[in-house]
Every structure is written in structure tokens, then in C-alpha cells.
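Got your viewer open? Let's take a short walk through this model, one selection at a time.

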Amino acid sequence: MIRRPVAWVVAVLLFAEAFGVAALNWFLGVVVDRQDMSLAGLDPHMMSVSSKIGGIAFGLYFALCGLVALLVALRDRPPAGFGRVLLISAAVVHGVLGAFTWGLVGWPAFLFMVLVLALIVLLLMTYDRPGEPADAVPGKSGDGPPVSAPPAPTAP
């Protein structure tokens, strides 16, 4: 099946992205701190510290999403509860970041964001629970008479 390899790939990508986001924000914080310039009267030290804290927080968020994907890959069970919500929020974040990266960074970063978004959605959809078995015939139930659709409404 495709479910476990997709979960492994999503986990690896999210862990790599967690490290990359944290490292990039840490680097930007160091650059701001060394320039010692004010931006519209803001304290440069505060901008540096907030960039580092934001990078660590965002990196931990992606690492937690990667941990959920890793647990899905190891257990071969769908994410449930908080893990499912976390992966859905990661998909939304990648959609929004993809929209921003198209204009600010360029199309290669956009393609990466869309790829990760597609893999997260694929992970969520392959573990989706169907309402009935795949071999069931629509319109028939096994215990009673055949089930039919309600009559179509008629116009007056």
C-alpha cells in the first residue's frame, strides 16, 4: 500500500522543514543583532530575540507534526484526535505559505510547499475511514429489503 511510505516521507519532510525553519530564523536573528540598526524605532535586540523565539516555536510545531506523521507510519493507523487536527493545521499552513512564497521567494519554493501540502492531504485521505465496505452494492442492505432513494421532488 501507499499509506506507510507516504507517512514516512511526510515525517522526514516535516522534520527537515522544522530544522530548516528554526535555523533560518536563528540566522536572521543573528544578522539583525549584528547590524545594530533600528527599524522604525524598534529595539534591534528585541527583534533578534523575537526572531529566534519565533523560529524555535515554528520549528517545534513542524517537529510535532513530523512526530505525528512518524507515529502514523510506525503504527499504520490513521491519526486521531489532536494528531489529525495538527496535520490538518499543517496542511493549511503549507497552503498559506505556498501562496506567500510564490510572490516573495519564487516558484521552486512554491512547488516545495505545494508538494508537502499534497503529501499531507494524501496522508490524511489514505487513512480516511469509509462509511461502508468497498464491496457493498449501493442501494442494497444485507439485512432487509432493498433500500431505494427517496422520490424526486415535483414542481407544483
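Patches here are made of residues with over 30% relative accessible area and no salt bridge, with nonpolar side chains (Val, Leu, Ile, Met, Phe, Trp, Tyr) joined within 5 Å and like charges within 9 Å. This is a predicted model, where local features need pLDDT of at least 70 and side-chain atom pairs count only at pLDDT 80 or more, while totals for chains, interfaces and linings use all residues. Residues are numbered from 1 along each chain as its sequence is written, and side-chain values use heavy atoms, leaving out hydrogens and water.

Start on the outside: select Trp 8, Phe 15, Leu 64, Leu 67, Leu 71, Leu 74 and Phe 82, which make a nonpolar surface patch of about 640 Å². Helix 2 gives the largest share, four residues. (Helices are DSSP runs of H or I, at least four residues, numbered from the N terminus.)

Now click Phe 82, in helix 3. Is Phe 82 buried or exposed? Its relative accessible area is 59%, so Phe 82 is exposed (exposed is over 50%, buried under 20%, partly exposed in between, with a 1.4 Å probe and protein chains only).

Next, select residues 44-75, which form helix 2. Just after helix 2, Asp 76 takes a positive phi of about 55°.

Within helix 2, pick Ser 51. Ser 51 counts as buried because its relative accessibility is 16%. Leaving out residues up to four places away in sequence, Ser 51 touches Asn 25, Leu 28 and Gly 29 (contact means heavy atoms within 4.5 Å).

Last stop: Leu 123. With the same sequence neighbours left out, up to four places away, Leu 123 touches Val 6, Ala 7, Val 10, Ala 69, Val 72 and Leu 87.

How values were computed
Helices (H or I, at least four residues) and strands (E, at least two) are DSSP runs, numbered from the N terminus. The expected span of a helix is 1.5 Å times one less than its number of residues. Accessible areas come from the Shrake-Rupley method with a 1.4 Å probe; for residues, only the protein chains shown count as cover. A salt bridge is a side-chain nitrogen of Lys or Arg within 4 Å of a carboxyl oxygen of Asp or Glu.
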